[in-house]
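Student: I would like a close look at one part of this model. Please take me through the sheets, strand by strand, and what packs on them.

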Amino acid sequence: MIVGITYYNYKNAINSLVVSSMHTKESSIVYLTSYISDAVMGSNYARLLLPSFKSDLSQQNGLKYILVSGKSSFTHQPISVAYLKSEDLLWRVDYPDDFLENLNRRQAKLEQKKAEPGADMVKINYLIERFEDARLQYQDSLFFNQQYLQNLEHFRQKGENHVDLDRGLLYIRFLLKNGYAGQAELLFDISDIAKLKILFIEDSVREFLVTVVLSIPVLMFLSFSISVPLKELAKHMRSSVEELDQQATPGIRRKDEIGDLARQFTKLVDSVVLKNKELDDLSRRDPLTGLLNRRSLTKQLQTLNEDFPDKILFGFYIDIDHFKAYNDTYGHIYGDNTLVLVAGEIDSFAREHSGFAFRLGGEEFMLLLASKDQDIAFNQAQGLCQRIENMAIEHAKGTSAKCVTVSIGIAGCCDQIINEDTTQGIIVRADEALYSAKELGRNLVQIYSGDNHCQLSR
């Protein structure tokens with residue numbers, strides 16, 4: 001009977017730790033699912049290989065290895081990226097078999113273009129440097145795949161999420177949220193649980209010996225002094241991260257191993273909450289310009305509606321004129337720099353008028369602000385057009401101004417309740433007004449014709 005009770009308490013404690021550790025790790029990677037899924041869906045290797053993403057992975061408590069395997073919903077091309085914490089490496093795993101052949105062929109064409117009259121040597125040399133960088137990344141990938149790519153078949157055969165105490169690893173697999181349902185596989189270091197297992201064995205042996213000497217009642221008392229607090233702690237650990245952030249951890253004031261475990265768990269929860277907030281902010285911002293992205297529109301529109309209940313809400317749909325011609329003329333490096341400069345000017349304008357600036361994609365931006373009527377909004381938009389033109393960014397193939405300019409379409413909103421349909425309505429109407437501005441010659445402002453009622457609503 002004594003042996004049975006001791007063994008039961010030992011198994012119960014270990015199982016509680018295993019389940020709690022697995023639940024905690026699963027909660028800590030919730031925001032990684034949407035971030036990785038968005039990147040894979042668009043075949044956007046840049047987001048998966050960003051230093052900021054690598055830094056986020058390195059700060060995931062206990063994360064040793066991750067392998068992302070998916071398929072772009074847009075290009076239907078495979079995407080695979082791996083991260084190994086011990087070597088501080090984040091690299092692209094998959095390359096087409098003919099990648100090097102295609103790279104050599106494209107580089108040879110560029111070398112031939114150098115001899116052509118009027119060749120743009122700056123652009124050609126830049127592209128050749130990019131090809132050389134791609135060649136080095138390809139060679140690094142072959143080496144890293146051979147040296148560091150992990151064989152996860154053992155874990156896949158055992159099931160989706162499970163603990164391997166012999167290896168001291170926790171295996172977690174989650175499906176990506178896109179049309180082709182790729183997956184991400186993660187390995188976490190749980191060697192601390194293995195150490196705790198040894199401690200529990202030692203404690204169990206001590207309990208048995210003390211019980212033999214002091215009697216069964218003493219054994220029962222010592223047993224429940226460990227198992228009951230552990231059960232309470234395990235029950236607490238099964239709560240969601242949001243609930244854990246609002247609750248006190250049982251046993252945190254104890255001065256034994258259970259107290260140490262409770263305090264370490266509290267630190268882990270605080271770290272997870274902070275990282276989740278940081279990842280959520282990252283998922284709502286455009287990585288190039290730092291502006292908010294489309295996901296944040298409705299929330300900020302609601303904020304404006306609460307802050308300015310007696311004003312009309314306006315959306316400015318902003319498009320850089322002849323931007324494709326700009327990229328073709330000056331190259332994508334200058335194009336990206338121009339996007340950053342224009343985005344900064346739009347953001348400054350938004351802050352001056354207590355509004356919010358967003359990048360919708362490519363050369364398209366959205367500005368949300370509140371005004372008393374559409375005449376004031378129209379004058380504000382004209383002022384923004386002039387500010388962009390005054391930046392005097394050279395654009396030989398742009399509008400007659402021979403510098404970078406923008407066209408703006410304006411749509412108003414008088415809804416008392418703001419939701420996703422409201423946001424989509426503003427985008428559609430402002431886009432229609434933007435189309436009119438481009439038809440009329442660009443570098444000007446147009447207001448959606450159906451918004452005249454807004455002047456009478458507030």
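Tutor: What follows is a walk through two sheets and the helices on them, with a short stop at one glutamine. Keep in mind that this is a predicted model.

Start with the antiparallel sheet. Six strands make up this open sheet, and their order is 3-2-1-6-5-4. Strand 3 (89-92) and strand 4 (162-164) stand at the edges. Each has a single partner strand, so one side of each is left without a neighbour in the sheet. Neighbouring strands here are turned by 15 degrees against each other on average, direction ignored.

Now the pairings. Strand 1 and strand 2 are antiparallel and share seven bridges. Within that pair, Val-68 faces Val-81 of strand 2. Strand 1 also pairs with strand 6, again antiparallel, over six bridges. Look for Leu-63, which stands opposite Phe-188 in strand 6. Phe-188 is also the bridge partner of Leu-170. Strand 5 (residues 169-175) and strand 6 (residues 183-189) are joined by seven bridges in the antiparallel sense.

Two helices lie across this sheet. Helix 4 (residues 51-58) crosses strand 1 (63-71), strand 2 (78-84) and strand 3, and runs at about 130 degrees to strand 3. Helix 6 (residues 121-148) lies across strand 1, strand 2 and strand 3 as well. Its angle to strand 3 is about 120 degrees.

Move on to the mixed sheet. This open sheet has five strands in the order 8-9-7-10-11. Its edges are strand 8 (356-361) and strand 11 (445-447). Each of these has a single partner strand, so one side of each lacks a neighbour in the sheet. From one strand to the next, the twist averages 25 degrees.

Strand 7 (residues 312-320) and strand 10 (residues 406-413) run antiparallel, joined by eight bridges. In this pair, Phe-314 stands opposite Gly-412 of strand 10. Helix 14 (residues 332-352) packs on the sheet and touches strand 7, strand 8 and strand 9 (364-371). The direction of helix 14 makes about 10 degrees with that of strand 9. Helix 15 (residues 374-390) lies across strand 7, strand 9, strand 10 and strand 11. Relative to strand 10, helix 15 runs at about 160 degrees.

Last, the glutamine. Gln-300 sits in helix 12 (residues 297-307). Its relative accessibility is 14%. Buried means under 20%, so Gln-300 counts as buried. Leaving out residues up to four places away in sequence, Gln-300 touches Leu-292, Phe-356 and Phe-358.

Note on methods:
Residues numbered from 1 in each chain as written. Predicted model: local features only at pLDDT ≥ 70, side-chain atom pairs only at ≥ 80, totals over all residues. Heavy atoms only, no water. Helix = DSSP H or I, 4+ residues; strand = E, 2+ residues; numbered from the N terminus. Buried < 20%, exposed > 50% of the residue type's maximum accessible area, 1.4 Å probe, protein only. Contact = heavy atoms within 4.5 Å. Pairing = 2+ DSSP bridges. Axes fitted to C-alpha atoms, helices over the stretch in contact; angles between N-to-C directions.
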